[in-house]
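Me: I've got a protein model to look through, and I'm new to this. Can we go over it together?

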Amino acid sequence: MYNVPLPNGDFYAQYNSVVDGKLDLEYISALTDLKASIKYRYAEYEQSKKNLEAVPEVSRTAGEAKALLSCYSPSLKQRLLSELRDRLPKRITELAKTVDETIRCPYCQLEPAGRWDHFLPSGRFPDFAMYSPNLIYVCEPCNSGIKKDDLVSPIRSTVNPYYDALDSTSLLECVVSVVKVNDERKLLLNFAINNKAGGCAYLVPLAIRHFCAYGLEAKFISVSAEELVGLINDYHFMFGLRGRHLTQVELDAWVESKRSSIRTLYPSQNYWKNALWVGIQACSDLLAYLMERCDRARARPPLP
Ligand SMILES: [Zn+2]
């Protein structure tokens, strides 16, 4: 969950240019007759941007709905979507390039974005089928596998990366703890939305619903495994080189340097990797866990 800049432009003019450029006679009169209504609806969307579940559905005839959805006929869709993508401010693409040249989905933070999601579903809200603020660049699983109509109404369960102030509120937290199982220490991760986070009153419950609806806890734990293996291997390498365990002070400094370099790469405080490293830093039994892992690895007999 992170904010992306809102596309800018004259969206009503964009609608008019689509209507004026339409070649399908079947749709032209319906789209022309809807011009005033669409202008009103775009204003309605803008006024409800913090509370999009309040945007009413408007009954359209089958012909009108089909005409509105036809604004996305293949050739035109390609042009409109590429124009929208071009308007994404450079901040996103530049940020992505410093990490792995991939723009991540703002709903899950995990998968590469590659599709435009209609925030208010086009089936129920054909008026906003080509309205840029209703289009969000997301990953395929979030676009087709998770998001359902009931995630936006009557109670919204999807955060809006344009309008909800995600980046200014520390919503995501990760608690890293060490538990003993059969005399062996294991790391336990627990990702959650901090229900004491500040910000707008509606934001925390919304973020909790989003976190659950998109199954983010299991996903974040899964992707954290690689990070933890890296941590253990790095410690093992340092221990092997030095011939001794790190002191708590040395470990704290080492973890802090790793945490701050991750933060530089991923400024959003709600990015899962930032939350994970804050949790690692706060884990009081981390040194005992790492020492045990190294000692066990050293005690294993060499492979024949
Ligand atoms: Zn996603």
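Reply: Sure! Residues are numbered from 1 along each chain as its sequence is written. This is a predicted model, where local features need pLDDT of at least 70, side-chain atom pairs count only at pLDDT 80 or more, and totals for chains, interfaces and linings use all residues.

Me: Okay, where does Gln109 lie?

Reply: Helices (H or I, at least four residues) and strands (E, at least two) are DSSP runs, numbered from the N terminus. Gln109 isn't a glycine, yet its phi is positive, about 70 degrees. You'll find Gln109 in the loop between α6 (90-99) and β1 (115-118).

Me: Is Gln109 buried or exposed?

Reply: A residue is buried if 20 or more other C-beta atoms lie within 10 Å of its own, exposed if 12 or fewer, and partly exposed in between, with C-beta atoms placed from the backbone. Gln109 has 22 C-beta neighbours inside 10 Å, so Gln109 counts as buried.

Me: And what about Asn182, buried or exposed?

Reply: Asn182 sits in the loop between β3 (172-181) and β4 (184-193). Its phi is positive too, near 50 degrees, and Asn182 isn't glycine. Asn182 has 5 C-beta neighbours inside 10 Å, so Asn182 counts as exposed.

Me: Which residues, leaving aside neighbours within four places in sequence, is Ala207 in contact with?

Reply: Being in contact means that two C-beta atoms, placed from the backbone, lie within 7 Å. Leaving aside neighbours within four places in sequence, the contacts of Ala207 are Met1, Val159, Leu171 and Ile193.
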